[in-house]
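Q: Could you take one part of this model and look at it closely, then step outward to its surroundings? I would like the terms explained as they come up.

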Amino acid sequence: MNGNARRPTSNVVQTEALANRRDDSVEYVGFRVDGHAVVLNLSEHQCLTPDRSLDLVNHSPTGFEWGYAGSGPAQLACGLLLDYYDDARIAREHYIGFRNRVISQLKCDGAAACWHLTGEEIDAAMATITDDVVALPDGGQLSPSLPENWRTVTRPDRRVFQRADHDHYIVLGEGTDGWLAVLCSQGDRAYPAPLASRTVSEDADVERAIRALVDESNDLIEPPEGEY
């Protein structure tokens, strides 16, 4: 289902990284205080929080994590790329690959019980990323049959419906017995993670199947605390 996303070569990603890299020396450090993950931009003497990156992807509003391929590390990957490159598109497209290659490998070891990551190491890692590119909506259009928070994105080989307020999307493609509609998430699990699916015969109501998956997306998202 990743076929709906642009899959750049390593040269393309390397060019993007070089064009946006920082001229000054940048270093990040991560450690734990009373069990809570803390990430600092040492060069700017600032604590890095999820707030800014949550405008792009909402995996872990409660905080960052590292050392595995999960939601907390995904949020940290997006936050680090956004802070370092100051480019929302680069952060949004490549945070999954950066999480898988870098953030999932970070460990708080050594005498200082922390990890360090320099700008040069970020640039080098970005130059190795050739896949795991996150599907973007490309300014998708509103659909008269779907809620306002969903967009329809037309691709050459399939149709994609992407949710604007959460990391869910629906891919409609040709299956063995008709149309196959799959609800996916580009977050916590193997990328992309199929959450639900519908097989629709050629003469069935495809839009109805899409709406059913939209409802399933709503059922999978827990409401904010205090809202029920």
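A: Helices and strands are taken here as DSSP runs, a helix being H or I over at least four residues and a strand being E over at least two, and both are numbered from the N terminus. The model is a predicted one, in which local features need pLDDT of at least 70 and side-chain atom pairs count only at pLDDT 80 or more, while totals for chains, interfaces and linings use all residues. Residues are numbered from 1 along each chain as its sequence is written, and side-chain values use heavy atoms, with hydrogens and water left out.

The chain comes to 5 helices and 10 strands, and the part chosen for the close look is helix H2, residues 71–85. With a rise of 1.5 Å a residue, the 15 residues of H2 should span 21 Å, which agrees with its end C-alpha atoms being 21 Å apart; the expected span is 1.5 Å times one less than the number of residues. H2 is mostly covered, since 14 of its 15 residues are buried, where buried means under 20% relative accessible area, exposed over 50% and partly exposed in between, with a 1.4 Å probe and protein chains only. Over the chain of 228 residues, 46% count as buried. Just after H2, Asp86 takes a positive phi of about 50°.

The axes of H2 and helix H3 (residues 88–101) come within 8 Å and cross at roughly 140°, the axes being lines fitted to C-alpha atoms over the stretch in contact and the angles running from 0 to 180 degrees between N-to-C directions. That angle makes H2 oblique to H3, because under 35 degrees counts as roughly parallel, over 145 as roughly antiparallel, 65 to 115 as roughly perpendicular and the rest as oblique. The crossing of H2 and H3 is right-handed; a crossing has that hand if the near helix is turned clockwise from the far one by less than a right angle, and is left-handed if anticlockwise. On the H2 side the contact (heavy atoms within 4.5 Å) is made by Pro73, Ala74, Ala77, Cys78, Leu80, Leu81, Leu82 and Tyr85, and on the H3 side by Ala88, Ile90, Ala91, His94, Tyr95, Phe98 and Arg99. By class, this contact of H2 with H3 has 13 nonpolar, 1 polar and 1 charged residues, with Ala, Val, Leu, Ile, Met, Phe, Trp, Tyr, Cys and Pro counted as nonpolar, Asp, Glu, Lys and Arg as charged, and the others, Gly among them, as polar.

H2 also meets helix H4 (residues 119–126), the two axes coming within 11 Å and crossing at roughly 110°, and H2 and H4 are therefore roughly perpendicular to each other. The crossing of H2 and H4 is left-handed. From H2, Leu81, Tyr84 and Tyr85 meet Gly119, Glu120, Ile122, Asp123 and Met126 of H4, a contact with 5 nonpolar, 1 polar and 2 charged residues.

Stepping outward, the loop between H3 and strand S4 (115–118) holds Ala113, which has a positive phi of about 50° although it is not a glycine and counts as partly exposed at 38% relative accessibility. Ala112 has its place in the loop between H3 and S4 and, at 57% relative accessibility, counts as exposed. Ala112 and Phe31 are 81 residues apart in sequence, yet their C-alpha atoms are 8.7 Å apart in space.
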